[in-house]
Amino acid sequence: MSTLKIQPTAFALSSSVRQLGFFNLKLPRNCVAASNHFGRYGTRRALTVSLSTTSSNPLEVCVKSSTTTPTSPATVPFARGFLKLNPEGKVPVIKLNEKWISDSDVIAQALEEKYPDPPLGTPPEKASVGSKIFSTFIGFLKSKDPSDGTEKALISELSSFNNHIKDNGPYVNGKEVSAVDLSLAPKLYHLEIALGHYKKWSVPDSLPYVKSYMKAIFSRDSFIKTRAQPEDVIAGWRPKVLG
């Protein structure tokens with residue numbers, strides 16, 4: 001059993017695993033764990049993450065572990081869960097009030113109701129900010145044709161996000177992190193590492209607010225302690241890039 005201490009800030013668990021294990025995250029009061037990522041269960045085993053709160057009963061979340069360090073949760077966009085806990089095979093799956101709950105939206109709402117401070121809700125008009133960045137990133141990453149427009153599509157989405165942060169930042173909903181930031185953070189992290197490795201590409205200097213946003217969200221203590229190792233990100237995308 002490993003122990004990791006997290007500062008009292010909201011964070012996302014969107015991890016992937018190859019080996020079964022137990023990882024204990026001790027959270028101080030007012031700390032919230034949530035994820036907006038899920039995937040289908042396959043042959044890989046899942047990692048159970050136990051989240052200790054001020055309650056006498058810890059929260060348990062099924063995620064995936066690092067491919068290079070199996071006892072560590074690795075932040076990746078898609079994870080796989082236990083069929084015995086959730087027949088649909090989706091993750092994350094969280095144990096709350098002695099019940100296993102699946103579906104990231106349902107989990108986020110349940111956690112928001114049980115642990116309302118700090119609030120993580122995002123206004124409806126801002127909930128879709130940056131929502132197309134991930135799909136355009138994948139298109140560009142997999143592209144073999146420099147003139148097919150996939151890079152232009154990604155830059156267009158990043159430009160829109162840049163303008164939003166310029167007018168509303170430092171985070172999507174202003175001064176405080178919200179649920180949409182927790183969803184975007186690991187996606188942008190993958191974008192930075194995968195495109196840097198496979199295409200020698202980075203966010204242009206012409207998008208300073210995107211760069212400052214990434215720096216701010218990546219430097220949060222909670223993100224640092226739950227992020228994927230770069231090697232796992234690179235290995236995870238290799239089949240899609242190389243075929």
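What follows is a friendly conversation about how the helices of a predicted model pack together.

Colleague: Let's start with the overview: how many helices and strands are there in the protein?
Modeller: Bear in mind that this model is predicted. Of the 243 residues in the protein, 47% are buried. As for helices and strands, the protein has seven helices and eight strands.

Colleague: Among contacts between residues at least 6 apart in sequence, what percentage join residues at least 24 apart?
Modeller: Here we set aside pairs that sit fewer than 6 places apart in sequence. Of the contacts that remain, the share joining residues at least 24 apart is 67%.

Colleague: Where do the buried residues of helix α2 fall: on one face or all around?
Modeller: Helix α2 covers residues 133-142, and I133, F134, T136, F137, F140 and L141 are buried in it. Seen down the axis of α2, these buried residues fall within an arc of 165°, so what they line is one face of the helix.

Colleague: Which helices do those buried residues of α2 pack against?
Modeller: We can follow the buried residues of α2, F137 and F140 among them, to their partners. One partner is α3, which spans 150-168. The full set of helices they pack against is α3, α4 and α7.

Colleague: Are α2 and α4 roughly parallel or roughly perpendicular to each other?
Modeller: Two packed helices are described by the angle between their axes and the distance between the axes. The axes of α2 and α4 come within 10 Å and cross at roughly 15°. Angles under 35 degrees count as roughly parallel. The two helices α2 and α4 are therefore roughly parallel.

Colleague: What kinds of residues make the contact of α2 with α4?
Modeller: The crossing of α2 and α4 is left-handed. From α2 come I133, F134, F137, F140 and L141, while α4 brings K187, L188, H190, L191, A194, L195 and Y198. Sorted by kind, the residues of this contact are 10 nonpolar, one polar and one charged.

Colleague: How is α4 oriented relative to α7: roughly parallel or roughly perpendicular?
Modeller: Helix α4 (residues 179-198) packs with helix α7 (residues 230-242), their axes 9 Å apart and at an angle of about 65°. That angle makes α4, relative to α7, roughly perpendicular.

Colleague: Which residues of α7 make the contact with α4?
Modeller: α4 passes α7 in a right-handed crossing. On the α4 side, the contact is made by Y189, H190, I193, A194, H197 and Y198. On the α7 side, the residues are P230, V233, I234, W237, R238 and V241.

Colleague: Is N162 buried or exposed?
Modeller: N162 lies in helix α3. Leaving aside neighbours within four places in sequence, N162 is in contact with L207, P208, Y209 and V210. Its relative accessibility is 6%, and the cut-off is under 20%. N162 therefore counts as buried.

Colleague: How many ångströms separate the C-alpha atoms of Y213 and G169?
Modeller: Y213 lies in helix α5 (residues 208-218), and at 1% relative accessibility Y213 counts as buried. Not counting residues up to four places away in sequence, Y213 touches several residues, including F161, I165, D181 and L188. Y213 and G169 are 44 residues apart along the chain, and their C-alpha atoms are separated by 8.0 Å.

Colleague: Where is T122 placed?
Modeller: T122 and V177 are 55 residues apart in sequence and 9.2 Å apart in space, C-alpha to C-alpha. Beyond residues up to four places away in sequence, T122 touches A127, S178, A179 and V180. The place of T122 is in the loop between α1 (104-114) and α2.

Technical notes
Residues numbered from 1 in each chain as written. Predicted model: local features only at pLDDT ≥ 70, side-chain atom pairs only at ≥ 80, totals over all residues. Heavy atoms only, no water. Axes fitted to C-alpha atoms, helices over the stretch in contact; angles between N-to-C directions. Helix = DSSP H or I, 4+ residues; strand = E, 2+ residues; numbered from the N terminus. Parallel < 35°, antiparallel > 145°, perpendicular 65-115°, else oblique. Left-handed = near helix turned anticlockwise from the far one by under 90°. Contact = heavy atoms within 4.5 Å. Buried < 20%, exposed > 50% of the residue type's maximum accessible area, 1.4 Å probe, protein only. Arc of directions from axis to C-beta. Nonpolar A, V, L, I, M, F, W, Y, C, P; charged D, E, K, R; others polar.
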